[in-house]
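Please open the model in your viewer, with residue selection at hand, and follow the stops below in order.

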Amino acid sequence: MHPEDIKALLRKRGMTQAKLARELGVSKTTVGYVIAGRTLSRRVADAVALATGLPLAKLWPGKYS
């Protein structure tokens, strides 16, 4: 899925990258990099999946098994 689509889904659910980062104790940049697929973090990816209501396989096909 395109990173902008993931960001839009987060916004529709009332979540921002900054809020998610605060909840996880990571930087907003880390969340942005995971969303963009520039780095892998299962913990951050799981949180994004939970926030969007979509499975990891739909958000990042082939990245997380």
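In this predicted model, begin by selecting helix α3, residues 28-36, together with what covers its buried residues, which includes α1 (3-12), α2 (17-24) and α4 (42-52). Which residues of α3 are the buried ones? They are V31, G32, V34 and I35, and if you turn the view to look down the axis of α3, these buried residues fall within an arc of 165°, so they line one face of the helix. An α-helix has 3.6 residues a turn, so residues three or four places apart point the same way. Before leaving this helix, step to G37, just after α3, where phi is positive at about 80°.

Next, select L10, which sits in helix α1. At 1% relative accessibility L10 counts as buried, because buried means under 20%. Once its neighbours within four places in sequence are set aside, what does L10 contact? Show M15, I35, V48, A51 and T52, since L10 is in contact with these residues; I35 is also one of the buried residues of α3.

Now move to α4, whose buried residues are V44, A45, A47, V48, A49, A51 and T52, so that V48, A51 and T52 appear here again as contacts of L10. The buried residues of α4 pack against α1, α2, α3 and α5 (56-59), which makes these four helices a useful selection to display around them.

Finish at G53, just after α4, which takes a positive phi of about 80°. Drawing a C-alpha to C-alpha distance from G53 back to L10 gives 9.3 Å, although the two are 43 residues apart in sequence.

Methods. Residues numbered from 1 in each chain as written. Predicted model: local features only at pLDDT ≥ 70, side-chain atom pairs only at ≥ 80, totals over all residues. Heavy atoms only, no water. Buried < 20%, exposed > 50% of the residue type's maximum accessible area, 1.4 Å probe, protein only. Helix = DSSP H or I, 4+ residues; strand = E, 2+ residues; numbered from the N terminus. Arc of directions from axis to C-beta. Contact = heavy atoms within 4.5 Å.
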